[in-house]
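Colleague: Please present the model, and let us then discuss its geometry.

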2 protein chains.
Amino acid sequence: MEAAGAEKPIYRASTTAPVNIAVIKYWGKRDPKLNLPTNSSLSVSLDQADLRTHTTASCSSSYSSPDTLTLNSKPESLEGARPQACLSSLRALRSELEEKDPSLPKLSTLPLRIVSSNNFPTAAGLASSAAGFAALIRAIADLYELPQDPTTLSLIARQGSGSACRSLLGGYVAWDHGTEADGSDSKARLVAPKSHWPSMRALILVASHEKKDVSSTAGMQTTVQTSQLFKTRAEVVVPAAMEAMEKAIAEKDFESFAKVTMRDSDSFHATCLDTTPPIFYMNDTSRAAIRAVENLNKRAGKIIAAYTFDAGPNAVIYYLHENREAVVGPFKRALGEKEGWLGQQGAAIGYAEIAQEDEIVMAKLKSGVSRVILTGVGEGPVSVQEHLVDEQGNPAD
Amino acid sequence: MEAAGAEKPIYRASTTAPVNIAVIKYWGKRDPKLNLPTNSSLSVSLDQADLRTHTTASCSSSYSSPDTLTLNSKPESLEGARPQACLSSLRALRSELEEKDPSLPKLSTLPLRIVSSNNFPTAAGLASSAAGFAALIRAIADLYELPQDPTTLSLIARQGSGSACRSLLGGYVAWDHGTEADGSDSKARLVAPKSHWPSMRALILVASHEKKDVSSTAGMQTTVQTSQLFKTRAEVVVPAAMEAMEKAIAEKDFESFAKVTMRDSDSFHATCLDTTPPIFYMNDTSRAAIRAVENLNKRAGKIIAAYTFDAGPNAVIYYLHENREAVVGPFKRALGEKEGWLGQQGAAIGYAEIAQEDEIVMAKLKSGVSRVILTGVGEGPVSVQEHLVDEQGNPAD
């Protein structure tokens with residue numbers, strides 16, 4: 001936290017937080033109010049050079065109430081129950097500090113002005129709310145100089161957006177579903193830091209939004225209420241997958257990591273389809289991406305790539321740096337004209353030939369993918385000195 | 001059976017048999033050799049005026065061995081284990097008759113010449129093998145003048161193609177999975193004849209094959225072996241659905257019929273997606289058909305249409321005759337230029353307006369559907385005098 005200005009100081013703290021893409025998916029709440037999940041989940045936090053939310057939290061007696069949030073230069077509401085739960089939890093922790101040490105400024109009583117921006121297009125349908133809530137919680141915690149560790153803060157982030165709790169940590173992160181009714185044990189846990197297995201990469205195929213698509217409106221609670229297969233997923237399939245995935249990460253066993261990842265994505269989307277009315281997130285482009293991954297694994301004679309899909313058509317393809325040419329090369333050949341290849345990782349990869357068995361799937365991808373993102377496993381939130389609120393308390397451009 | 005020619009008579013019998021479209025799907029074998037299913041299934045036999053296989057079975061000492069099958073003017077092999085199992089079972093039953101009554105001609109010893117034709121395009125991806133095997137079994141049983149009832153013959157048809165056993169009966173037909181190891185109780189059962197609920201109709205949207213699609217090669221046994229959700233479907237979901245469906249048919253309760261139908265289709269495709277590698281039969285066109293059905297049910301304020309998908313992208317939409325305008329009208333407006341509207345049912349239906357919420361889905365259907373078929377619940381196999389083998393034993397043109 002730093003303070004600028006004299007009479008009515010502007011207190012500021014800034015952070016960046018990563019997007020995370022789950023390899024074992026969160027879907028279904030056992031307690032919607034507290035955002036307690038039906039099953040545990042596990043994700044990879046992605047490199048913030050490619051995908052991150054940058055947030056400045058500031059407060060000042062010169063600000064007028066209520067608290068405000070500006071995201072990508074547009075005002076966003078903080079009035080919902082979820083952001084309010086986060087803000088009041090953080091204020092309560094600050095208030096405790098202020099009571100213990102009366103010399104501290106009474107930041108908990110001041111209006112907040114929060115400014116946030118993403119370094120990736122919001123319309124890309126990436127899990128921006130996770131990075132957004134994680135950055136929000138981290139920035140305010142820094143502003144308030146809270147001593148709590150990321151796992152404790154994840155309890156607060158979870159109430160904002162379930163998967164946000166995983167973005168408070170870098171590397172490989174679990175979110176344990178917990179068993180307590182108050183949610184006190186439903187929080188993020190570091191499975192392994194980035195340094196344990198730094199060669200994990202992700203190629204994201206962002207599906208085109210030009211073609212109008214049939215929308216899916218129903219959400220995860222409809223699945224909990226109507227899918228007859230969901231209970232088996234939550235109670236049997238995911239617990240086994242979590243165990244297998246943690247072992248795979250501990251042993252840096254990519255084949256097992258990939259098998260569990262693909263299987264869990266399929267299982268998650270199967271329960272969506274088993275919902276009444278059925279929920280479809282994958283489209284024909286997604287299906288082509290799955291076949292492309294299957295084909296390249298067949299050619300390699302071993303599993304060197306793993307697809308996974310969140311609640312949308314974008315494919316996220318995990319692979320190891322050592323296999324970048326075999327995995328990414330064919331996609332670069334087919335999708336080389338799309339945005340996203342100019343970064344360091346994309347530029348370094350050659351154009352592979354399109355195998356005959358890939359011709360149809362690559363043509364489908366060419367017509368259905370709008371851009372690619374090349375990234376990899378990354379660190380957790382980072383404090384930064386670049387503030388999005390200036391010394392006078394105005395949003396910086 | 002009739003005999004033509006003098007010295008070496010040509011024995012002939014002809015039948016037609018219906019296509020059936022399941023509302024509770026068969027997927028997964030507990031015994032692949034005997035074609036014993038993991039779960040029971042239930043289907044509607046469709047009107048043979050619209051969809052049928054016409055088969056003539058003939059035999060003669062003037063024919064040379066081996067048995068032959070001509071389907072739609074092309075020779076087809078009878079050498080596989082499945083057709084061989086059917087032929088030898090039928091010959092054994094004929095042989096029993098011949099032993100009991102030595103005056104009977106020894107047809108069981110004569111080569112068979114079987115000629116078959118469908119009144120619908122094979123490429124439409126309809127369940128033609130069910131109608132085909134049912135007609136084959138029925139025609140040979142008639143040729144051999146076998147006294148067995150259709151349910152007993154269904155034991156033989158099942159060994160040719162599982163779902164064929166249901167096409168030996170008309171109306172609403174169950175195939176009970178049975179529990180005997182030899183499959184003796186895994187056979188078709190009449191749930192209700194067509195006359196019980198004659199107003200059931202089906203609109204089939206045949207998906208275009210012009211657009212090359214990503215193929216699915218894996219079959220049902222891969223699901224049995226790899227899907228972690230399949231067991232729940234087979235053991236819990238389907239038994240409850242069978243009970244609910246039989247009740248809905250008994251009570252002519254379309255809403256319940258529709259709910260169970262759609263839910264079972266979704267559940268079946270969910271277990272396909274949960275297979276490793278995932279099996280996709282539905283595509284973006286199928287998804288649009290689902291949304292169109294959901295939208296028209298919403299507009300009606302009650303469920304008047306039910307979608308179901310077999311192992312392919314074609315939508316089969318069940319509805320009652322009284323709701324034909326509300327169900328079929330919007331599709332006729334969107335797809336009126338496609339083949340299939342010229343029959344009596346199609347011509348009688350008006351063009352409804354396309355509702356605003358249907359614009360995207362109908363545009364998707366327009367680009368993805370090649371033809372429509374309007375049909376309804378129909379009768380079981382029918383003996384016919386039109387023979388596809390002439391009195392000299394030659395395939396008739």
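The questions and answers below concern helix packing, symmetry and domains.

Modeller: This is a predicted model, in which local features need pLDDT of at least 70, side-chain atom pairs count only at pLDDT 80 or more, and totals for chains, interfaces and linings use all residues. Residues are numbered from 1 along each chain, chains are lettered from A in the order in which they are written, and side-chain values use heavy atoms, without hydrogens and water.

Colleague: How are α5(A) and α6(A) oriented to each other?

Modeller: Helix α5 (residues 230-250) and helix α6 (residues 254-273) of chain A, both DSSP runs (H or I, at least four residues), have axes 9 Å apart and pack at about 160°. Angles over 145 degrees, on a scale from 0 to 180 between N-to-C directions, count as roughly antiparallel. The two helices α5(A) and α6(A) are therefore roughly antiparallel.

Colleague: What kind of axis relates chain A and chain B?

Modeller: Superposition is by least squares on C-alpha atoms of residues with pLDDT of at least 70 in both copies. A rotation of 180° with 0.0 Å of shift along its axis places chain A on chain B, at RMSD 0.0 Å. The copies are thus related as by a two-fold rotation axis.

Colleague: How many residues of domain 2 of chain A are in contact with domain 1?

Modeller: Chain A is divided into domain 1 (2-192) and domain 2 (200-376), with bounds from an automatic or database assignment. Their C-alpha centres are separated by 28 Å. With contact meaning heavy atoms within 4.5 Å, 32 residues of domain 1 meet domain 2 residues numbering 41.

Key
Angles under 35 degrees count as roughly parallel, over 145 as roughly antiparallel, 65 to 115 as roughly perpendicular and the rest as oblique.
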